[in-house]
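Biologist: Could you walk me through reading the pockets and the ligand site here?

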Amino acid sequence: MITASTFRLDGRLALITGSSAGIGLALARGLGQAGASVVLNGRNAQALSTAAQMLRAEGLTVHERAFDVTDADQVKAQVDAIESSIGPLDILINNAGIQRRGPLHEFAHSDWQDIMQTNLNSVFFVGQTVAQHMIPRGRGRIINICSVQSELGRPGISPYMATKGAVKMLTKGMAIDWGPLGLNVNGIGPGYFKTELNEKLVNDPTFSAWLTNRTPSRRWGEVDELAGAAVFLASDAASFVNGHILYVDGGVTAQL
Ligand code: NAP
């Protein structure tokens, strides 16, 4: 029987990468409000500590682990340490991501490497390491943050689109390979949300006008509006949801 408790996450431990700001922080708050203990992550320890203090002041149980998700050795050491010193991870949200804009014919190779490392390689590094702990337990939830750009393109962001398209297919691949071992792996595809990553677009009135007109809900998203999807996918209510990408985009991907 489905009740409100089916959606609760009490007693669960969640790692959310890139959660010192923006969408990751909002997802951490949402999972925490649903009862989970959360491990915040980011590279800047000071920003992480500020975010953790804010969530603790709201009554949530929060741990902090500063590490770079693009460094496979750091990822392994930190995930192993979380498992041994905090507890077994029930939920992973691969959220850390960056944007690099520019004409494709002039796009610097170093920017290409950065965006691939951060948006795609990290999903494999963190996902694989956490899955190695979850698989022997026969359960676990992994949520990869995709994008409307997993489906639809825009000028000047081809490398970002390539990463997010790949994360969508990696999500399906993880579900195919790890579903038989008890894991549920799904994605969330956010539309446009006002965060630091989108600062340039937020400050561009022409883009904002185009976007709101292009979006059936006629506005930008608020980061808190992503939390329900994450709580659902992490909860018992989503026990048979696997390999799915849930777009939270005000309808952008529905309309040509
Ligand atoms: P944001 O506000 O720029 O926050 C990014 C977070 O990731 C920060 O906490 C940052 O902290 C962390 N981070 C970046 N690189 C990292 C690394 N190598 N290792 C560990 N942490 C790292 O970005 P956002 O807008 O919330 O985006 C979050 C995710 O949602 C991304 O995957 C993005 O592609 C996706 N998304 C966003 C939107 C949107 O509208 N904003 C739409 C679709 C998808 P440090 O800098 O301290 O490391």
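**Ligand and pockets**

Modeller: Start with the ligand's shell: helices α1 (22–33) and α5 (158–178) and strand β2 (37–42) each give it at least two residues. Keep in mind that this is a predicted model.

Biologist: How many residues surround the ligand, and which are the closest?

Modeller: There are 31 around the ligand, and Ser20, Tyr160, Phe193, Thr195 and Asn198 are the closest. By class, that shell splits into twelve nonpolar, 15 polar and four charged residues.

Biologist: Which polar side-chain atom lies 2.9 Å from a nitrogen atom of the ligand?

Modeller: That one belongs to Asp68. On the oxygen side, Lys164 brings a side-chain N or O atom to 2.9 Å from a ligand oxygen, while Asn44 uses a polar backbone atom, 3.0 Å from an oxygen of the ligand. Taken alone, the ligand has 880 Å² of accessible area, and the protein covers 92% of that.

Biologist: How do I look for empty space?

Modeller: Roll a probe the size of a water molecule over the atoms, and you see where space is left. Here, the largest pocket is the space taken by the ligand, with a volume of about 1200 Å³. Its lining counts 48 residues, with Ala96, Gly97, Ile98, Gln99 and Leu197 nearest the centre.

Biologist: Which element supplies the largest share of that lining?

Modeller: α4 does, with four residues; this helix spans 109–137.

Biologist: What lines the second largest pocket?

Modeller: 14 residues do, and Arg219, Trp220, Gly221, Asp249 and Gly250 lie nearest its centre. That pocket holds about 150 Å³ of space, and its lining has six nonpolar, five polar and three charged residues.

Note on methods: Residues are numbered from 1 along each chain as its sequence is written. This is a predicted model: local features need pLDDT of at least 70, side-chain atom pairs count only at pLDDT 80 or more; totals for chains, interfaces and linings use all residues. Side-chain values use heavy atoms; hydrogens and water are left out. A residue is near a molecule or strand if one of its heavy atoms lies within 4 Å of it. A polar contact is a pair of N or O atoms within 3.5 Å; within protein, one must be able to donate a hydrogen and the other to accept it, and residues adjacent in sequence count only if both atoms are side-chain atoms. Accessible areas come from the Shrake-Rupley method with a 1.4 Å probe; for residues, only the protein chains shown count as cover. On a 1 Å grid over the protein atoms alone, a cavity is a set of points where a 1.4 Å probe fits but cannot get out, and a pocket is an open set with protein on both sides within 12 Å along at least five of seven lines; lining residues have an atom within 4 Å of a point. A molecule sits in a cavity or pocket if more than half of its atoms lie within 2 Å of its grid points. Ala, Val, Leu, Ile, Met, Phe, Trp, Tyr, Cys and Pro count as nonpolar, Asp, Glu, Lys and Arg as charged, and the others, Gly among them, as polar. Grid points are joined across faces, edges and corners, and a volume is the space filled by probe spheres set on the points.
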